[in-house]
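The following exercises concern sheet topology, aromatic pairs and nonpolar packing. Each task is followed by a solution in steps.

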Amino acid sequence: MTRLRLPDGPRWVVPVAVAAVVVLALVGVGLFALGRDGGGSGNAAKGSGDGADGGARVAPVRMTVSPRNRAAKVALDAKARVVADSGRLRRVRVTGRGERLAGRLADDGRTWESTGALAPATRYRVVAEAVDDAGNPTRRRTSFTTLRPRAELRVSVMPLDGETVGVGLPIGVWFNEPVADRAAVERRLQVTSSKPVTGAWHWFNDGEVHYRPRHYWPGGTRVTLNARLAGTDAGDGVWGVADRTIRFRIGKRQVSVVDVRTHRMKVVSGGRTLRVLPVSTGRERYPTTNGIHFVISKTQDELMDSSTVGIPRNSPGGYYEHVAWSVRISNSGEFVHAAPWSTGSQGRANVSHGCVNLSTANAAWYYGLTRRGDVVEIRGSPKRPGDSFGVADWNMSWRGWLAGSALKG
């Protein structure tokens, strides 16, 4: 054993191994003090969070779903909505009747809202998944049931999808149920056109509404009607349940002018006069309706029955016979048609029951040239236009037409 000699004092004998242990212990104490007070790195410098790795715990995402879980008789115009209070939505699926409800996720990733209309009397299931900022998932499941309408609103539309029509044809919409809230329904009827047009809707009754431009449609215009009625509350328990889109085209401008005093019909198409035809119009007892008509339909063979316009078949003025090349211009029994029995009066006198009579050859030519919606203007007749279909639309002032809209002002 080596002895250590200390000057000026008693002699001590300290084993070298013990001295080394003492030195190491002192060094360790010094390092601990540096780490605690000197800001040095190491485990002691980490935060004191609850996680196993010392990080802060992330709160789970909370989701709010509407309609509320198990809600019943939900209105068809309600929106399904999911909102996450933090993190982001990873998936939202809303299904009913085996179909998925369309929806849109907001830019922040925290709000999803449906964009499609709800179906009636349907149970919807909602499955929503979200993740927090650490990637931990949360899932929520809910359901709700929509109301059953007293009646479902559906429509018939004129013209047909893909049809080419004349410049005078209004858009007609007929409803299978009376519309109590006209404004709500009218807001959902949107008309767009490829050429600028000023137009408006006019209600004739609770089951029928028409749209027409202020002036005739421009030739060549492409028009679209979007009837977005699904989810529309029409009032009195009636709800729209389906959308319809109709696209049609306006053909060449064709306006035929009938002058009952000169017994002539001038046919103008595309700005060019094609022919001036001799005609016979309504006799004094049955005058032709004055004003603007539009072509409703046409048939090569029309069975005409005088009893449908209030004239008994067996009366002196009655008739019941097939008539060729018939072009209907009102629902009050007026046509432009072949009348071989009156050719001697055509161009000279008015002898018809209110129709515009042509020779068979002229009627066949006019029939082939004409399409639904072409305009026939009757001038010089004493009979004022009424509210018959085919006559009512264009013989009303623009102010009067606008007054028939449910969205005045």
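**Exercise 1. Identify the ring over which the charged end of R212 sits, and describe the surroundings of that ring**.

Solution. In this predicted model, the charged end of R212 lies over the ring of W401, at 4.8 Å from its centre. The next step is to ask how accessible W401 is: its relative accessible area is 0%, so W401 is buried. A second arginine offers a parallel case: R275 is placed over the face of W365, 4.1 Å from the ring centre.

**Exercise 2. Classify the ring pair of F204 and W401 as stacked, tilted or edge-to-face**.

Solution. A pair of aromatic rings is described by the distance of the centres and the angle of the planes. By the pairing rule there are 10 aromatic pairs. For F204 and W401 the ring centres are 6.0 Å apart and the planes meet at 70°. Planes over 60 degrees apart count as edge-to-face, so F204 and W401 form an edge-to-face pair. The two residues are 197 residues apart in the chain, with F204 in strand β15 and W401 in helix α4 (residues 398-403). The relative accessibility of F204 is 27%, so F204 counts as partly exposed.

**Exercise 3. Apply the same procedure to W217 and F248, and state which cluster they belong to**.

Solution. The centres lie 6.2 Å apart and the planes stand at 90°, so this pair, W217 with F248, is edge-to-face. W217 belongs to the loop between β16 and β17 (222-227), whereas F248 belongs to strand β20 (residues 244-250); 31 residues separate them. With relative accessible areas of 2% for W217 and 4% for F248, each falls under the 20% limit and is therefore buried. Ring pairs join W217 and F248 with W201 and Y211 in a cluster.

**Exercise 4. Determine which strands stand at the edges of the sheet β11-β13-β16-β15**.

Solution. The sheet is open, has 4 strands and pairs them antiparallel. β11 (155-158) and β15 (199-205) each have a single partner strand, so they are the edges, and one side of each lacks a neighbour in the sheet. From one strand to the next, the twist averages 20°. Between β13 (residues 171-175) and β16 (residues 208-213) there are 4 bridges, and I171 faces Y211 in β16.

**Exercise 5. Which residues have the most contacts inside the largest nonpolar core**?

Solution. This core comprises 37 residues, and I171, V173, F175, V185 and W201 have the most contacts inside it. Beyond its sequence neighbours within four places, W201 touches residues including I171, V173, Y211 and W401. Another core, of 20 residues, lies apart and includes A80, L118, Y124 and A130.

Conventions: Residues numbered from 1 in each chain as written. Predicted model: local features only at pLDDT ≥ 70, side-chain atom pairs only at ≥ 80, totals over all residues. Heavy atoms only, no water. Pairing = 2+ DSSP bridges. Axes fitted to C-alpha atoms, helices over the stretch in contact; angles between N-to-C directions. Core = buried A, V, L, I, M, F, W, Y, C linked by side-chain atoms within 4.5 Å. Buried < 20%, exposed > 50% of the residue type's maximum accessible area, 1.4 Å probe, protein only. Contact = heavy atoms within 4.5 Å. Phe/Tyr/Trp six-rings, centres within 6.5 Å; stacked < 30°, edge-to-face > 60°. Lys NZ or Arg CZ within 6 Å of the ring centre and 35° of its normal.
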